[in-house]
Each structure stands twice: as C-alpha cells, then as structure tokens.
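Visitor: I should like to study one part of this structure closely, and then see how other parts compare in their surroundings. Please guide me through it step by step.

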Amino acid sequence: MDYLPIVLALFAVFLAVYYYNKRAHSVFKDVLHVPPTPIVGNFGSLITKRATLQEVLQKSYDLHPDAKYVGFYEFLSSNILVRDPELFKSIAVKNFDNFSDHRKFTDKRTDPLFAGMLFQLAGNEWKEQRNMLSPTFTSSKIKNMFKLMSDCAMRFSTKLSNLQEKEREVEVRNLFARYTNDVIAKCVYGVSVDTMEEPKNIFYVYGRAATLLTGLLNTIKFMLYRNLPELAVALRLNFVKKRHADFFSDVVRKTIESRESSGVKGTDMLQLMMDIRDRKDSSKRMSIKDIICHAFTFFFGGFDTVSSQSAFIAHMLAENPEAQTRLQEEIDEALERTNGQLTYETINEMKYLDAVVNETLRLYPIVVFLDRVCTRAFELPPALPGGKPFVVQPGTNIWLPVYSIHRDPKYYENPDKFDPERFLVDGKKILNSGVYMPFGSGPRMCIGNRFALTEMKVLIYHLLSKCDIKAGQKTTLPMQLEKGVLNVTAKNNEFWLKMEPRKNPHPSVLANGVSNGVANGIANGVCKQ
C-alpha cells in the first residue's frame, strides 16, 4: 500500500491548521494579551476543567491595573476584554448601534426554539420584539402576578418546614427549581402544578431537561457554535431536544386555542402576549411562533438561573448566621405590620432583604461576563497612556468580565466578603455606579430582571419565616465553585444545606397551619436527591 498520498494529505492538513492558527492568533500584536496556546487560545484550562471561566478571565484582567482593555483568544476567535466600565458603557449604550448584538451560541436550523429566544435575536428583529415585550414586565404587571408567586412560595416553604428530621439536609438548587418551575408554569403559561407533591410532573421533568445546560459537553457545544458554527450545524448539535421543544410549543398553542374558543382570559404572561398580538394600533404583529419562543425565553431565564441564584443566597445565609437572624427579624416585623399577609409593596419595602439579595448577586453573578459583537469597524481609545488606538473589526466580540469587576478592590472594599451592609449604606450609589451588573447593561439588559428579583425575594421571605437554614454534613464551607463550565455554580452543581423548622416563628406563621417540627406526609421523600 502506498502511504505517500496519505502522509502528504495529513501534512497539508497540518500546514493549513498551523497557518490558520498563526493568523488567527496574530490579531493582538499591539494589544496586551496572555500568549495563546495553539487551537484552544486562552481556554485550555477551562476545557480541561482545571479552572473556572472567571479564573480564566481573571488572568487576562490582571495583566495591567491601568489597562482599559486587553486581548484574549477564545480558541481561534479574537476577543477584547474591557476592564474599564466607562468604556463598556460607551460601547453598550452610547455606541449601541455598533454593538447591538450578542454573539450567537446556537442556530435556528438545528435549535429553532432555543435560537428564537429574545437573547439570541439580533438587529431589527430583536429591537421590534423587545419593544413589544417590554410592557409585560412593568411593576403593575408583576404586581398582578405577585399573589400567584407568593402562593407557590408559601406552599413550598410550608412543606419544607415540616420535613422529618432525617430528611432535612437537602440539595437546594434542585429543590428550589421545583418552586421556580411552579411559578413559571403558573405566571407564564397559566398551568397549575405542585412539583413538591408531584415531583415527576411533565412540566418539571421536561423543563429541567431543556434548561439545565451545565456540564462539559454543553460547554463544548457552546464553544463550537461560537467558533465553528457551520461545523456545529453540520453535526446537528442542539441544546433543546425535539420532544421537549414540541411539548412547550404544544402547551402554548393549545392554551391559545382554548382561550380563543371559550373567550376566557388569563392573568399570565401568555395572555399579555396574546393581547399584544391582537392590538390593532400596532404596525408590528407577534406571531404564534414568536409567542412560543418568548414563553420559553421566560422559562429558560427563570428556571435554573433563579433556582441557582436562590441557592447561593441560601448558602450565604447559612454561612453567615448573623445576617440570617437579622433578615428573619425584618421578616417578622413585616408579618407583624401586615397581620401575616405579604403584599407586593411589603416585599419591596424590605431593605435588608434587598441588601442580602443584591450582595449575593454581586459576589456570585450567574453570568460571568457580558458580551457584544462589533457590527461596524470601531476605534477604541489607547488601552494605556501613550499607546495607540485599536480598531475593532466587525465580528469581534467584546467581553465585560462582570465577576472580576464585582470583586475588584478598586470598586468594592473587602470585595470577597459577604457584606449586605454595603447596600444599606450606599445601595443607590452602587446600583447606579456602572460596576454592578448582575443583569447586564444598556438596552440589552435582562428584560425579566424585576420578575426574577421578586421571585427570589418571595421565596426567601416565606422560607425564612418558617425555617432556619443551616450547614449540614454535606455542606462545603467555604463555597467551592465548579470548574470547566461557563456559568457560576457550586462544585458538582450541588448546594447541600439543612432546613430546620424555626423554634419561635411569628404567631401568624403558626396560624397558617405550620406545625412546628411535625412531619407532613405529602413532603416525605420528595426532597431526596
């Protein structure tokens, strides 16, 4: 057998990869950057699970304390890591037309439901859909859904407070996902489920499968779509399986058909989108396909993200019992003022609850970075005094390392310390500082941030009114983070904590039927994971 053609072909492939890699990794000749490794760029330690994404970005962030930006390579893609929040504000707001899109991480040809989410839309399509959806997230609309949310949290926390002693140490991220599932099912789709009582209901099982995107395999899929999209499409890679996509599509279609035929209206987001679709004064229409994708956007954004963020809050309270005691005192005071009836106004008046949530979002933002894609050539100022400007070419990705900025001593005193007090003293100043961005920045800020914050606060309120959150035998103190993934999550994606019934809850809590420490048969066994 003549091996010469095979050897020559392999050599040609090697040369092509070598020169392509060399050209791709030569963009930042005049920009400060960490020298890249062939093919993987600066992401080798992430792929091999030796580092978190935030650690990878921190290495570039620490290159020079005065640099406005540095370069880094995500495999063969050249990206700008902006260190100066004011420069990113200029990019994300003032020059938004040049940087209006996110870099896509899937494709409509292989993943139509996922690719149709608001976050993934670009250009005029994003602008039109965002403008139509904005009215669904006003304070008045969320207030109308508040009781639905509160009822889910009350039912959920009551069952937790009545667990038998041997069942009280639980993995709270998965547990909280049962609450977020019930809230989204009711507030978005108008479907009533009780996932604590029926843990294998199809809404929860399919929702969890469709939105849980952690793990090395999904990280590789993300990287392929971002760096070699045509290869990812050719391999038919997707994140949402067809049967899951069909389920969520069918729920929307059947609900709309039922409401149109009966004339009965709902009080959920699906109804709000139907009303937008039917407006006669609008030049743009929201199609059934758009409604399906947006409903899934709300599910995706509120299921695992909110449950994970709530798990971080619970862990911080277990790790800082003095903060938990202070928060329970504020909750009891609110119960006293309102005769045990929580209202939307009450939850928004609770300053320490707000501070605890905001401080946890600062320390552990689920989104490690914000990104924008350059659509037109744009000149950045010199990265360092005396340097040269750098022209960003179309297609270049701009990253803002949220995690690094949130923990930079330049912006926060004792940045690694959990200190809700900082938000009591300088809350408004921090929120408007440009260095606090757990929900993004500029016009592409998360549209559902107010809904997510309310969902988390309601859960913590009801939970702490009935329970003490404590460290258990499986709790890792201090917190350790999972490596090799794109989001911020605990090691092994598990948050183990112990839920103890409060010894002296406010009388109104007992009046609502919570038996202090008595087992509830419905709850037995459903929290074992």
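Visitor: Which residues of helix α4 (residues 85-94) are buried?

Guide: The structure shown is a predicted model. In helix α4, which spans residues 85-94, the buried residues are Pro85, Leu87, Phe88, Ile91 and Ala92. These residues lie on the same side of α4, because they cover an arc of only 160° around the axis. Several elements pack against the buried residues of α4. Among them are the strands β1 (69-74) and β2 (77-82), together with β4 (370-373), β5 (378-380) and β7 (397-400). Helix α19 (402-406) also packs against the buried residues of α4. The N-terminal end of α4 is capped by aspartate 84. A side-chain oxygen of aspartate 84 lies 3.1 Å from the backbone nitrogen of glutamate 86.

Strand β2, one of the elements that pack against α4, leads to the next residue. Serine 77 is found in strand β2. Serine 77 counts as buried because its relative accessibility is 15%, and buried means under 20%. The side chain of serine 77 makes a polar contact with the side chain of arginine 103, at 2.7 Å. When neighbours within four places in sequence are left aside, serine 77 is in contact with Phe72, Arg103, Arg226 and Asn227.

Asn227, one of these contacts of serine 77, closes helix α10 (216-227), and leucine 228 lies in the loop between α10 and α11 (229-234). With a relative accessibility of 41%, leucine 228 counts as partly exposed. A nonpolar patch on the surface is formed by Leu228, Leu231 and Leu235. Together these three leucines have about 260 Å² of accessible area.

We may now turn to charged side chains. The structure holds 28 salt bridges. One salt bridge joins arginine 155 and aspartate 182, whose closest N and O atoms are 3.5 Å apart. Arginine 155 lies in helix α7 and aspartate 182 in helix α8 (residues 172-187), so this pair ties together parts that are 27 residues apart in sequence. The two partners differ in their accessibility: arginine 155 is partly exposed at 29%, whereas aspartate 182 is buried at 5%.

Another salt bridge is found between the side chains of lysine 159 and glutamate 197, with a distance of 3.9 Å from N to O. Lysine 159 lies in helix α7, while glutamate 197 lies in the loop between α8 and α9 (202-211), so this pair ties together parts that are 38 residues apart in sequence. Lysine 159 is buried, with a relative accessible area of 6%. Through shared partners, salt bridges join Arg155, Lys159, Asp182, Asp194 and Glu197 into one network.

Helix α7 (139-161) also borders the loop that holds arginine 168, and β3 (169-171) lies on the other side of that loop. Arginine 168 is buried, with a relative accessible area of 9%. The side chain of arginine 168 reaches the backbone oxygen of leucine 163 at 3.1 Å.

A further salt bridge is formed by glutamate 482 and lysine 49, with the closest N and O atoms 3.3 Å apart. This pair links distant parts of the chain, for the two residues are 433 residues apart. Glutamate 482 lies in the loop between β8 (467-470) and β9 (496-501), and lysine 49 in the loop between α2 (44-47) and α3 (53-61). Glutamate 482 is buried, with a relative accessible area of 15%, whereas lysine 49 is partly exposed at 37%.

Two residues in other helices complete this account. Alanine 323 has its place in helix α16 (residues 321-338), and at 5% relative accessibility alanine 323 counts as buried. Apart from neighbours within four places in sequence, alanine 323 is in contact with Leu317, Tyr352 and Phe418. The C-alpha atoms of alanine 323 and isoleucine 447 are separated by 30 Å, and these residues are 124 residues apart along the chain. Serine 258 is found in helix α12 (residues 242-262), and at 41% relative accessibility serine 258 counts as partly exposed. Between the C-alpha atoms of serine 258 and proline 478, which are 220 residues apart along the chain, the separation is 51 Å.

Note on methods:
Residues numbered from 1 in each chain as written. Predicted model: local features only at pLDDT ≥ 70, side-chain atom pairs only at ≥ 80, totals over all residues. Heavy atoms only, no water. Buried < 20%, exposed > 50% of the residue type's maximum accessible area, 1.4 Å probe, protein only. Helix = DSSP H or I, 4+ residues; strand = E, 2+ residues; numbered from the N terminus. Arc of directions from axis to C-beta. Contact = heavy atoms within 4.5 Å. Polar contact = N/O pair within 3.5 Å; in protein donor to acceptor, adjacent residues only side chain to side chain. Patch = residues over 30% accessible without salt bridge, like charges linked within 9 Å, V, L, I, M, F, W, Y side chains within 5 Å. Areas by Shrake-Rupley, 256 points an atom, 1.4 Å probe, with all protein chains shown as cover. Salt bridge = Lys/Arg side-chain N within 4 Å of Asp/Glu carboxyl O.
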